Amino acid sequence: MPTEKEKMLAGERYDPSDPELVAERERARELTRAYNRTDPGADGRRRELLDTLFGSIGESIVVEPPVRCDYGEQIHVGDDFFANFGCVFLDICRIEFGDRCLLGPGVQVYAATHSLDPAERAAGIEYGKPVTVGDDVWMGGQAVLNPGVTVGDRSVVASGAVVTEDVPAGVVVQGNPATVVREIDE
């Protein structure tokens, strides 16, 4: 029988009150608290904390504090990654960023979701869907990626956009729900 963590990572319905998961969320809270208290210029310490918190990190990454996440270990970022102040990652499933991604302030990425059934929600059951962001993507401030979406290479997600469906490569999306407003010429 799979553990609650195995079910969570597989995108199946799981119980977040499982003691193993509670302990892992507490670990992430402690690491983000330490990260968010680092002094400006403490690049070495910040890298060390992110290397412990995130599942994998590339070369030359900057994450401006404060940052928040559920577990951290399902977050994977490529080379030359930049996340501005106040980003949130609900990483109950894998959240993956390619190389040269830029996130504006307050970007939120949700791999977590809940049932439409009120009884199941009331019981505390959750599930998730992975989120994937390609290379050379720019997400403007306060943009939101919902569970299960993919953003294609070279795309731009405008400030305040709420992405509910996959974004093709090489386009600009904006609005709520986000829609393609133009293609980006190479």
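In the largest pocket of this predicted model, the lining residues divide into five that are nonpolar and four that are charged, with no polar residue among them. The residues concerned are Tyr35, Asp43, Arg46, Arg47, Leu50, Ile61, Val62, Val63 and Glu64, and the space that lies in the largest pocket amounts to about 150 Å³. Two elements, helix H3 (43-53) and strand E2 (62-63), each supply at least two residues of this lining, and H3 provides the largest share, which is four residues. Rolling a probe the size of a water molecule over the atoms shows where empty space is left.

Helix H3 also packs against helix H2 (residues 19-36), with an angle of about 165° between the two helices and with their axes 10 Å apart. Because angles over 145 degrees count as roughly antiparallel, H2 is described as roughly antiparallel to H3. The crossing of these two helices, H2 and H3, is left-handed. On the side of H2, the contact is made by Arg27, Ala28, Leu31, Thr32, Ala34 and Tyr35, while H3 contributes Arg46, Leu49, Leu50, Thr52 and Leu53. Taken by character, the residues of the contact of H2 with H3 comprise seven that are nonpolar, two that are polar and two that are charged. Tyr35, Arg46 and Leu50, which are among the residues of this contact, also appear in the lining of the largest pocket.

Several features of the backbone were found in loops between strands. The peptide bond that leads from Pro65 to Pro66 is cis, with omega near 5°, and Pro66 lies in the loop between E2 and strand E3 (67-69). Strand E2 is thus named once more, having already been listed among the elements that supply at least two residues of the pocket lining. A cis peptide bond is likewise present from Asn176 to Pro177, where omega is near 0°, and the place of Pro177 is in the loop between strand E18 (171-174) and strand E19 (179-183). Finally, Arg100 has a positive phi of about 60°, although this residue is not a glycine, and Arg100 lies in the loop that runs between strand E7 (95-97) and strand E8 (102-103).

Technical notes
Residues numbered from 1 in each chain as written. Predicted model: local features only at pLDDT ≥ 70, side-chain atom pairs only at ≥ 80, totals over all residues. Heavy atoms only, no water. 1 Å grid on protein atoms, 1.4 Å probe; cavity = no way out; pocket = protein on both sides within 12 Å on 5 of 7 lines; lining within 4 Å. Points joined across faces, edges and corners; volume = space filled by probe spheres on them. Nonpolar A, V, L, I, M, F, W, Y, C, P; charged D, E, K, R; others polar. Axes fitted to C-alpha atoms, helices over the stretch in contact; angles between N-to-C directions. Parallel < 35°, antiparallel > 145°, perpendicular 65-115°, else oblique. Left-handed = near helix turned anticlockwise from the far one by under 90°. Contact = heavy atoms within 4.5 Å.
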